[in-house]
Amino acid sequence: MQGIWTTERIRAAEDRLLAVTPDGELMRRAAFGLAVHAAEMLAEHTGSVSGRRVTLLVGSGNNGGDALWAGAFLRRRNVAVSAILLKPERAHAPGLAALKRSGGKIVSLEDGPQWIRRTDLVIDGIVGISARGPLRADAAALLEHVSSPVLAVDLPSGVDPDTGAVDGPAVVADRTVTFGALKPVHALAPAFCGEVYLVDIGLRPELGEPDLQRLDTADVAAAWPVPGPDDDKYSQGVVGVAAGSATYPGAAVLAAGAAVRATSGLVRYAGHAADVVRGHWPEVIATGSVTDAGRVQAWVVGPGIGTGHEGRDVLRFVLGRGVPVCADADATTIIARSPDVLDARDPDTPLVLTPHAGEFERLMGSPPGADRVAAARSAARKYDAVVLLKGHCTVVAAPDGRALVNTPRGSWLATAGSGDVLSGLVGALLASGLDPWLAAGAAAHVHSIAGSLAADGAPTSASGILGAVPDAIRSVRSLAS
Ligand SMILES: NC(=O)C1=CN([C@@H]2O[C@H](COP(=O)(O)OP(=O)(O)OC[C@H]3O[C@@H](n4cnc5c(N)ncnc54)[C@H](O)[C@@H]3O)[C@@H](O)[C@H]2O)[C@@H](O)CC1
Ligand SMILES: [K+]
């Protein structure tokens, strides 16, 4: 697991560390790491470091201080460094003095655009973890002239550090170098951060338990069930899929197919698309109704079942089976409109809800808002369920407060039917007995890898994502071994 800490916790940990560290030491560690990354980016993009030009955008806090010190370090490698001070009177004084001593140039705000246009690399030291709100007009105007790669100090300025939300101008970085620990912005705003690198400044021992997590490949590989020598088709967990309709059989084919591809056990299907499902997946035992589907260890219910009384009856039936349920799509809408269906649920059986923003609004009465982690946590508490909030970055929250983020590679999952595939994956993992929060997180992880493998640079479809599920699992297992 990768730990992620809110800025409040980071600041408290930094205070403790600062109290036992010589003055300026932490910033110098941070800035040195930053300068190493800047040199690497110069070499990557221009083929050399010496003689290249770097422009620093310097705000009024320590984030600007980091940039100024990094500029001084880069001078030692004969880089031409210029600094544009957004608030000259409040620029970090020791950093500014160090840059001046090293031969760096201070450029006025008015001259800024022409320097930015000629530079090989821009370093964004406008704001860091104390930032609030979008970039102000002076910084936003400068950014319009950027055509070189951008390296963000700690985080891309203009993006909210704790939520990753953007509601105005913001820096779009090619690389972000952060210090001490990952912050929520790094998991929740990948399109603004670019590649994220963590520089160790000795903060970890002061941090305590993370506020938020991200699964890494090894976690997913360890969690993903594969058959052992003593397994048979029943011992690995049987998953039931109640999805689709005669008019809309596609959701059933996709959800059942994902369950087939995710794990090795047995998949049962119940619903009006039984013939179509059987035609696509001969290994699925398909029946017309949930009442004669047979025993399963988890149910996936919802995709394409409709929101009428028949859908309600199906949902009520599976909620009453005493096994974990992944309620997706139409099932979330039914729960939002008729919360009494949840009376059928034994409170001890896990429930996973997988809303997108619109379904979330139906469930909670208001949209997720800027703080998607807080939103998912509050829904998890309200429904006593694991809530997988879909979006560019998927957030998974458990009723006990655990939360994780899945940061995707690209936006390839934004395609019709993609959610049906995800629900099938979640169901298969639930049936294997995995902790529901981990099951939802691992499913989201493999789903997004399948999306990028299927796309490989060109738009894909839910069928493409489904087809790539085995390769995604394979890649997770091989990377981790
Ligand atoms: N505290 C520490 O021990 C360390 C801090 N470090 C750096 O220090 C940064 C935090 O520094 P600070 O707490 O000084 O704060 P920041 O550098 O994040 O900047 C806050 C300043 O920017 C202004 N500001 C806030 N929102 C703004 C906006 N939207 N547009 C323009 N200006 C805005 C505020 O008035 C405040 O003066 C970290 O992100 C990191 O880069 C690193 O040097 C590592 C060590
Ligand atoms: K920054």
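A residue counts as buried if 20 or more other C-beta atoms lie within 10 Å of its own. The exercises below apply this cut-off and others to a predicted model.

**Exercise 1. Decide whether lysine 390 is buried or exposed, and say where in the fold this residue lies.**

Solution. Begin with the count: lysine 390 has 23 other C-beta atoms within 10 Å, and therefore is buried. Next, place the residue along the chain, where lysine 390 belongs to the loop that joins strand 16 (386–389) to strand 17 (394–397). Finally, look for its partners beyond four places in sequence, which are Thr354, Pro355, His356 and Gly419.

**Exercise 2. Find which residues UniProt lists under "binding site", and determine why they can be said to gather at one spot.**

Solution. The unreviewed UniProt entry places this feature at Lys390, Gly391, His392, Cys393, Thr394 and Gly419. These positions span 30 residues in sequence, but no two of their C-alpha atoms are more than 13.6 Å apart, so they gather at one spot. Now take Gly419, which is found in helix 17 (residues 418–431). Glycine 419 has 25 C-beta neighbours inside 10 Å and so counts as buried. Once residues up to four places away in sequence are set aside, glycine 419 touches Asp328, Ala329, Thr354 and Lys390. Thr354 thus appears in the contact list of lysine 390 and again in that of glycine 419.

**Exercise 3. Describe the shell around ligand 1: how many residues surround the ligand, which helices supply them, and how do they divide by class?**

Solution. The shell consists of 24 residues, and the closest to ligand 1 are Gly61, Asn62, Asn63, Gly128 and Ser130. Turning to secondary structure, at least two residues of the shell come from each of helix 1 (7–18), helix 2 (25–46) and helix 3 (62–75). Sorted by class, the residues around ligand 1 comprise eleven nonpolar, eight polar and five charged.

**Exercise 4. Work out how the two assigned domains are placed and what each contributes to their contact.**

Solution. The domain assignment gives domain 1 as 2–211 and domain 2 as 217–480. Their centres, taken over C-alpha atoms, are separated by 40 Å. The contact draws seven residues from domain 1 and six residues from domain 2. On the side of domain 1 that touches domain 2, the largest share, three residues, is provided by helix 7 (residues 184–188). By class, that side of domain 1 divides into five nonpolar residues, one polar and one charged.

**Exercise 5. Characterise the surroundings of leucine 315.**

Solution. Leucine 315 is part of helix 13 (residues 309–319). Its 29 other C-beta atoms within 10 Å mean that leucine 315 is buried. Apart from neighbours within four places in sequence, leucine 315 is in contact with Val301, Ala327, Ala331, Ile334 and Val341. For a longer distance, consider aspartate 230, which is 85 residues from leucine 315 in sequence and 34 Å from it in space, C-alpha to C-alpha.

**Exercise 6. Assess why the protein as a whole can be called as compact as a globular protein of its length.**

Solution. First, note that the secondary structure comes to 20 helices and 18 strands. The radius of gyration is 25 Å, close to the 23 Å that the globule rule gives for 481 residues, so the protein is as compact as a globular protein of that length. Along its principal axes, the C-alpha trace spans about 80 × 40 × 40 Å. Buried residues make up 56% of the 481 residues. Lastly, among contacts with a separation of 6 or more, 71% are between residues 24 or more positions apart.

Methods: Residues are numbered from 1 along each chain as its sequence is written. Chains are lettered from A and ligands numbered from 1 in the order in which they are written. This is a predicted model: local features need pLDDT of at least 70, side-chain atom pairs count only at pLDDT 80 or more; totals for chains, interfaces and linings use all residues. UniProt positions are given in the numbering used here, feature names are shortened, and annotations may be inferred rather than shown by experiment. Helices (H or I, at least four residues) and strands (E, at least two) are DSSP runs, numbered from the N terminus. A residue is buried if 20 or more other C-beta atoms lie within 10 Å of its own, exposed if 12 or fewer, and partly exposed in between; C-beta atoms are placed from the backbone. A residue is near a molecule or strand if its C-beta atom, placed from the backbone, lies within 6 Å of it. Ala, Val, Leu, Ile, Met, Phe, Trp, Tyr, Cys and Pro count as nonpolar, Asp, Glu, Lys and Arg as charged, and the others, Gly among them, as polar. The radius of gyration is taken over C-alpha atoms; the globule rule is 2.2 Å times the number of residues to the power 0.38. Domain bounds come from an automatic or database domain assignment.
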